[in-house]
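Here are some notes to read with the model open beside you. They go through it one piece at a time.

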Amino acid sequence: MLHPKLASYFCGMRFQTPVVLLSGCVGFGQEYTRVEGFSHRDIGAVCLKGTTLSARPGNPTHRVYETPSGMLNAIGLQNPGANKVVDEILPSLNSQETRFIANVSGSTIEEYTEVTRLFDQSAIDAIEINISCPNVKEGGVTFGNDPDMSARVVEACRSVTNKPLITKLSPNQTNIADNAQRCIDAGSDAFSVINTLMGMAIDTNTRTPIIGNVQGGLSGPAIKPIALLKVHQVYQVCKAHNIPIIGQGGITTANDALEFIIAGASAVGLGTGLFYDPLLSKKVNDGIVDYLDTHQLNHFSELIGSLDC
């Protein structure tokens, strides 16, 4: 059993620790159980791999490329389709040890709605909406970069589920706080802040893009300062509504996690850091408890939004 200073409730779900494993980094929650020393009891929740209505093979290679202090990825939402995830994968997950959050992706509002409806009929604990997808009906404009489109997706998903809805906000937009407010008005229960930034890498010998898709999402420590600012900005909107935030973007140490909590996050997401250290969750938990003990604090929630500025 983990330290009681770490246990909390997030959208009504009991998290035994504020640490969440991020979508796309741990598959469908089964893969990490093969890592010696890893336990789902060391985390609050797992965000499952992005899921679309139909199966998708993903983008051409290369899909992943390490950059200074980070990583580019353009997997292309490779997944077996929502029906297979609901019918075959979810029943195999051990919900006694942690919470599981579905990640819904789509190319149209209708697809988001149908995938959400399928997960609503499953045993999944909550649903994360990945609005950083291109809307094919609008010429490829990304849902998450337009507050109107973001709100429409949230509203459509809200209409088909009573499960907690967590909206994953894109940093590639003009005013993330305004987008957050629009999503709250449309029915979002929580936010994941932030998704990856867009970037690229070039092979100078061939003068071609290294990523097969040309561009990819940049994650890792390189984006942490941006992610911290975005969490702080979204928290200014969320605190009046008691809307919780999963802060994410470059967390590799307990101190990183503490920064996000102080900025306004109620939970912290680990992603790229797991590629370097698959057992990072326990180290982050232990580090947070050490900090709380040193500063004579009773619970990590006392730090949420405690930034003095």
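**Notes on the predicted model**

1. Start with the barrel. Eight strands make a closed barrel in the order S3-S4-S7-S8-S11-S12-S17-S18, and their pairing is parallel. From one strand to the next, the twist averages 25°. Keep in mind throughout that this is a predicted model.

2. For one pairing within that barrel, look at strand S12 (residues 190–193) and S17: they run parallel and are joined by three bridges. Ser-192 has Ile-246 in S17 as its bridge partner. On the outside of the strand list, helix H8 packs on the sheet and touches strand S3 (19–21) and S18. The direction of H8 makes about 165° with that of S3.

3. Now pick out one residue on a barrel strand. Asn-103 sits in strand S7 (residues 99–104). Is Asn-103 buried or exposed? With a relative accessible area of 2%, Asn-103 is buried, because anything under 20% counts as such.

4. What does the side chain of Asn-103 reach? One polar contact goes to the side chain of Ser-105, at 3.4 Å, and another goes to the side chain of Glu-128, at 2.6 Å. Leaving aside residues up to four places away in sequence, Asn-103 also touches a set that includes Ser-23, Leu-48, Lys-49, Gly-50 and Thr-51. Asn-130 and Lys-168 are among the residues it touches too.

5. There is also an open sheet to look at. Four antiparallel strands form it, in the order S5-S6-S16-S13. Its edges are strand S5 (64–67) and strand S13 (197–199), each pairing on one side only. The twist here averages 35° from one strand to the next.

6. Within the open sheet, S5 and strand S6 (residues 70–73) pair in the antiparallel sense over four bridges. Val-64 has Asn-73 as its bridge partner in S6, and Glu-66 stands opposite Met-71. The hairpin of S5 and S6 has two residues between the strands, and Ser-69 there takes a positive phi near 60°.

7. Moving one strand along, S6 and strand S16 (residues 216–219) run antiparallel, with three bridges joining them. Leu-72 stands opposite Leu-218 in S16. A reminder when you look at side chains: in a regular strand they alternate between the two faces of the sheet.

8. Next, a helix pair. Helix H1 (residues 82–89) and helix H2 (residues 109–120) pack with their axes 10 Å apart, at an angle of about 10°. H1 and H2 are therefore roughly parallel to each other. In the contact, Ala-82, Asn-83, Val-85 and Val-86 of H1 meet Val-115, Leu-118 and Phe-119 of H2. By type, the contact residues are six nonpolar, one polar and no charged.

9. Finally, helix H6 (residues 254–263). How much of H6 is buried? Seven of its 10 residues are, so the helix is largely enclosed by the rest of the structure. The buried ones are Ala-254, Asp-256, Ala-257, Leu-258, Phe-260, Ile-261 and Ala-263. Their cover includes helix H5 (224–238), strand S17 (245–248), strand S18 (267–270) and helix H8 (280–294). After H6 comes Gly-264, with a positive phi near 135°.

Conventions:
Residues are numbered from 1 along each chain as its sequence is written. This is a predicted model: local features need pLDDT of at least 70, side-chain atom pairs count only at pLDDT 80 or more; totals for chains, interfaces and linings use all residues. Side-chain values use heavy atoms; hydrogens and water are left out. Two strands pair if DSSP finds at least two bridges between them. Axes are lines fitted to C-alpha atoms, for helices over the stretch in contact, and angles run from 0 to 180 degrees between N-to-C directions. Angles under 35 degrees count as roughly parallel, over 145 as roughly antiparallel, 65 to 115 as roughly perpendicular and the rest as oblique. Contact means heavy atoms within 4.5 Å. Ala, Val, Leu, Ile, Met, Phe, Trp, Tyr, Cys and Pro count as nonpolar, Asp, Glu, Lys and Arg as charged, and the others, Gly among them, as polar. Buried means under 20% relative accessible area, exposed over 50%, partly exposed in between (1.4 Å probe, protein chains only). A polar contact is a pair of N or O atoms within 3.5 Å; within protein, one must be able to donate a hydrogen and the other to accept it, and residues adjacent in sequence count only if both atoms are side-chain atoms.
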